[in-house]
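Open the model in your viewer and keep the sequence panel at hand. The tour goes from the whole chain to single residues.

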Amino acid sequence: MIKITSKQLEVTTPIRERVESRFDKLARHQIHLINPHVIINQEKSVFKIEASVGVPNGELFAQAKHDNLYAAITAVGQKLEKQLNRLIHKPEAQRHISLETEPEILGTDFDEQYEEVYAA
C-alpha cells in the first residue's frame, strides 16, 4: 500500500493511479518495497514530488519539480527506478579489473637466468 500525502492538493483517483503505476514498475524487479511514501506539494505553479521507499538493502529517495503534475510523478518514478537498478546490479559491476600474473614470468627460472649471466 502506497501512502500518498498532500496538503494543498486533493489526491484524486487519476493521481493515485499514476503513482501506483510508477511503483508497479519498481515492483517488477522482484524486490520487496517497504513503506513507500509519496508527498505531493504545490508551490505556486510548480509541483514538487518527493518519494521514499525502503528496500531490504537500504532506502531509496527521489524528488522532482515540474509544471505538470504527471510529468513530475513520472520523473520521480524514473529516478527511483534508476536507483533501484544501481542497487540491484551493484554486486555484478566490475569496479576493478584484477591483473593476472603469469607463473612463468614470476617463477624461479627468471632469477636463475640472471644469475647465470652475471656469473659468467
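**Whole chain**

Start with the surface. The chain exposes about 9,000 Å², and carbon and sulfur atoms supply 50% of that area. Of its 120 residues, 26% count as buried.

This is a predicted model, so colour it by pLDDT next. The chain average is 82, and 78% of the residues score at least 70. Which elements have the lowest and the highest mean pLDDT? Helix H3, residues 103–106, is lowest at 54, and E3 is highest at 94.

Switch to cartoon. You should count four helices and four strands. Trace them from the N terminus: the pattern reads β-α-β-β-β-α-α-α. Among contacts with a separation of 6 or more, 43% link residues 24 or more positions apart.

**The sheet**

Select the four strands. They make an open sheet, ordered E1-E2-E3-E4, with mixed pairing. Strand E1 (3–6) and E4 are the edges, and each pairs on one side only. Neighbouring strands are turned by 15° against each other on average, direction ignored.

Now zoom in on E3 and E4. These two run antiparallel and are joined by nine bridges. For one example, pick Glu50: its bridge partner in E4 is Gln63.

**Helices on the sheet**

Add H1 to the selection. H1 packs on the sheet and touches E1, E2 and E3. The direction of H1 makes about 135° with that of E2.

Then add H2. This helix lies across E2, E3 and E4. Relative to E4, H2 runs at about 150°.

**The core**

Hide the cartoon and show side chains. The largest nonpolar core has 23 residues. Which of them touch the most other members? Select Phe23, Val38, Ile49 and Leu80. Helix H1 (13–27), strand E2 (34–43), strand E3 (46–55), strand E4 (58–66) and helix H2 (69–88) each supply at least two residues of this core. H2 gives the most, with six.

Stay on Val38 and list its contacts, leaving out neighbours within four places in sequence. Val38 reaches Ile2, Lys3, Ile4 and Thr5. Val19 and Phe23 are also in contact with Val38. Ile49, Glu50 and Ala51 complete the set.

**Pro36**

Move to Pro36, in strand E2. Is Pro36 buried or exposed? Pro36 counts as buried because its relative accessible area is 9%, under the 20% cut-off.

Draw a distance from Pro36 to Ile2, C-alpha to C-alpha. The two are 34 residues apart in sequence and 5.2 Å apart in space. Ile2 is also one of the contacts of Pro36 beyond four places in sequence, along with Met1, Lys3, Phe23, Ser52 and Val53.

**Ser52**

Follow the contact from Pro36 to Ser52. Ser52 is found in strand E3. Ser52 is buried too, because its relative accessible area of 18% falls under 20%.

Which residues does Ser52 touch, not counting those up to four places away in sequence? Select Asn35, Pro36 and His37 for one group. Then add Glu59, Leu60 and Phe61 for the other. End the tour here, with Ser52 and its contacts on screen.

How values were computed: Residues numbered from 1 in each chain as written. Predicted model: local features only at pLDDT ≥ 70, side-chain atom pairs only at ≥ 80, totals over all residues. Heavy atoms only, no water. Buried < 20%, exposed > 50% of the residue type's maximum accessible area, 1.4 Å probe, protein only. Contact = heavy atoms within 4.5 Å. Areas by Shrake-Rupley, 256 points an atom, 1.4 Å probe, with all protein chains shown as cover. Core = buried A, V, L, I, M, F, W, Y, C linked by side-chain atoms within 4.5 Å. Pairing = 2+ DSSP bridges. Axes fitted to C-alpha atoms, helices over the stretch in contact; angles between N-to-C directions. pLDDT = per-residue confidence, 0-100.
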